[in-house]
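Please walk me through this structure in the viewer, one selection at a time, and say what is found at each stop.

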Amino acid sequence: MSDLGRTVVRHRRPSAVRRRTGGAVLVLAALAVGGLVNSRTPDTDHRERPFVATGAVGRSVDARAFDVTVQGVRGTMKLGRGANWHDTGGVWVLVRVRLVARVEPVLVGYAAVRDSAGRTYRATSRIEQPLDGRTLQPGVAVSAEVAFEVPPAVAPTLALRLAGPLLDQRMDAMAEVPLGITAAMVDGWLKDEKITRLDDAEVA
Amino acid sequence: MILRVLQQPASRLLPAVAALALAVSGLFGGWSRVDDPQLPAVAPDTVDEGVPWNVTVTGIRVVAELPGLDLQNRGDRWVAVLATVEVTADESRNDLADAVRIPSVAGLLSAEDDLAKGRPEEVILLRGDVRGPYLNPGLPEKLAFIWEQRAAAAVPKSVTVEIWGKTLREDSLTGHRSWFDPQVRATVPDVPVQDRRKA
């Protein structure tokens with residue numbers, strides 16, 4: 001193998017087995033890299049999630065087409081609306097909001113509360129809500145209460161979520177305001193046997 | 001030997017590999033006959049747990065009329081499946097008409113409707129008498145699932161109720177996760193029917 005002290009290297013064409021093995025290794029490597037990239041890429045729901053603007057009770061939050069200020073929270077076991085009252089298997093949470101359309105008339109189609117586990121509770125459909133179908137005119141502030149029905153255990157973790165679109169909130173602005181409900185407040189609501197009437201909408 | 005096999009052209013190698021895979025699969029039961037899986041049977045008043053809802057069928061009633069609902073045909077009757085439903089998904093839901101079916105009952109109008117496909121014509125939240133309600137996660141509620149039955153069809157003595165569920169998965173077109181593939185997941189056999197038309 002040596003000639004005059006130098007190593008002679010022979011160049012041979014790789015065998016068919018080596019070529020196939022090399023090809024298989026390259027394919028597996030490409031699949032592994034693709035899988036890794038895929039696993040680190042945000043999924044469609046994450047990529048197209050709403051643009052959430054978070055605020056606090058008493059402070060105005062910009063939801064692109066309108067501003068919202070949470071003015072207060074009440075709770076009850078018996079919700080009065082119209083001539084009737086409504087009981088609940090959980091607890092009623094009534095959130096008072098002040099809304100102002102920014103540039104053009106706006107319908108606030110989506111109202112929900114979200115707990116710390118990510119569960120979302122829509123504004124109740126058991127009653128006619130004061131803001132149902134109400135178009136806000138630019139610059140005219142409107143105050144109203146929105147009623148939600150939730151399990152008592154999650155009430156202290158709730159945050160209000162409001163957005164314009166009724167059905168599809170992806171890739172649009174959404175206001176989120178933690179409601180600051182305490183366990184003591186919920187205990188008080190659970191013991192309260194009087195009927196609490198939902199406030200109607202009014203120009204504020 | 002192995003090297004000689006691997007040096008064969010792919011056109012010969014692939015069928016041989018496929019045949020070998022089938023043979024090995026057969027050794028581990030791959031060719032065994034598989035019986036149709038039986039749906040679990042649930043007794044009345046027993047919770048069937050699942051997603052996106054838990055369902056407890058509590059009874060069936062036949063009534064001549066319901067407040068606020070009009071029969072399509074004079075003389076027909078309403079068949080109402082009563083059930084307690086708790087949403088186990090993460091969001092409030094109003095697709096509760098997909099939760100329960102009664103395909104064994106003859107003469108249901110919705111079974112003749114290609115769009116309804118056996119879904120109930122109404123779902124009523126008994127607390128507050130609300131039609132087509134949203135149910136919230138973790139708050140079980142009593143519901144009535146309502147079908148109109150033709151007058152000519154017999155009133156059943158007992159009915160097998162199907163409980164349906166759905167699957168949370170990505171939409172193959174848009175990639176968005178949602179609830180698809182409604183499918184029967186359990187049955188409640190022989191639920192007695194209470195005929196309340198004369199009461």
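Start in chain A of this predicted model and select strands β4, β5, β8, β13 and β17: these 5 strands form an open sheet, in the order β4-β5-β8-β13-β17, with antiparallel pairing. The edges of the sheet are β4 (60-62) and β17 (202-203) of chain A, each of which pairs on one side only.

Now keep two strands of that sheet. Residues 91-101 of chain A are strand β8, and residues 142-150 of chain A are strand β13; the two run antiparallel and are joined by 9 bridges. To see one position in this pairing, label A:V93, which stands opposite A:F148 in β13(A).

Stay on strand β13 of chain A and select A:A147. Is A:A147 buried or exposed? A:A147 counts as buried, because its relative accessibility is 0%. Show what surrounds A:A147: leaving out residues up to four places away in sequence, A:A147 touches A:L79, A:W92, A:V93, A:L94, A:A123, A:T124, A:I127, A:Q129 and A:L198. A distance to draw here runs from A:A147 to A:T69, with 16 Å between their C-alpha atoms and their positions 78 residues apart in sequence.

Next, move to strand β16 of chain A, residues 195-197, and pick A:T196. A:T196 has a relative accessible area of 8% and is therefore buried, the cut-off being under 20%. Which residues does A:T196 contact once its neighbours within four places in sequence are set aside? They are A:R74, A:T76, A:K78, A:L79, A:G80 and A:L94. With A:T76 there is also a polar contact, side chain to side chain, at 3.2 Å. Note that A:L79 and A:L94 appear in the contacts of A:T196 and also in those of A:A147. For another distance, take the C-alpha atoms of A:T196 and A:A83: they are separated by 12 Å, and the residues are 113 apart along the chain.

Display both chains and go to the interface. Chain A brings 21 residues to the contact and chain B brings 25 residues. Between them the two chains bury about 1,900 Å², with 51% of this area on carbon and sulfur atoms. On the chain A side, select A:V17, A:R20 and A:R126, which supply 26% of the area that chain A buries against chain B, more than any other three residues.

Hide chain A and view chain B by itself. Its secondary structure comes to 2 helices and 9 strands, and from the N terminus on the order is α-α-β-β-β-β-β-β-β-β-β. The C-alpha trace of chain B spans about 85 × 35 × 30 Å along its principal axes. The radius of gyration of chain B is 24 Å, whereas a compact globule of 199 residues would have one near 16 Å. Of the 199 residues, 39% count as buried. The accessible surface of chain B is about 11,700 Å², and 54% of that belongs to carbon and sulfur atoms. Among contacts in chain B between residues at least 6 apart in sequence, 67% join residues at least 24 apart.

Within chain B, select strand β5, residues 122-125. Both faces of β5(B) are covered: B:E122 and B:I124 on one side are buried, and so are B:V123 and B:L125 on the other. Add strand β7 of chain B (residues 141-149), which pairs with β5(B) in the antiparallel sense over 4 bridges. Here B:L125 has B:L143 of β7(B) as its bridge partner. Then add strand β6 of chain B, residues 130-131, which is antiparallel to β5(B) and joined to it by 2 bridges. In this pairing B:I124 has B:R131 of β6(B) as its bridge partner. The hairpin of β5(B) and β6(B) has 4 residues between the strands, and B:G128 in it takes a positive phi near 95°.

Finish on B:E122, which is in strand β5 of chain B. Which side chain makes a polar contact with the side chain of B:E122? It is that of B:R131, at 2.9 Å. Not counting residues up to four places away in sequence, B:E122 touches B:L69, B:R131, B:G132, B:A144, B:F145 and B:I146.

Technical notes: Residues numbered from 1 in each chain as written. Chains lettered and ligands numbered in written order. Predicted model: local features only at pLDDT ≥ 70, side-chain atom pairs only at ≥ 80, totals over all residues. Heavy atoms only, no water. Buried < 20%, exposed > 50% of the residue type's maximum accessible area, 1.4 Å probe, protein only. Pairing = 2+ DSSP bridges. Contact = heavy atoms within 4.5 Å. Polar contact = N/O pair within 3.5 Å; in protein donor to acceptor, adjacent residues only side chain to side chain. Rg over C-alpha atoms; globule rule 2.2 N^0.38 Å. Areas by Shrake-Rupley, 256 points an atom, 1.4 Å probe, with all protein chains shown as cover. Buried area = accessible area lost by both parts, 1.4 Å probe.
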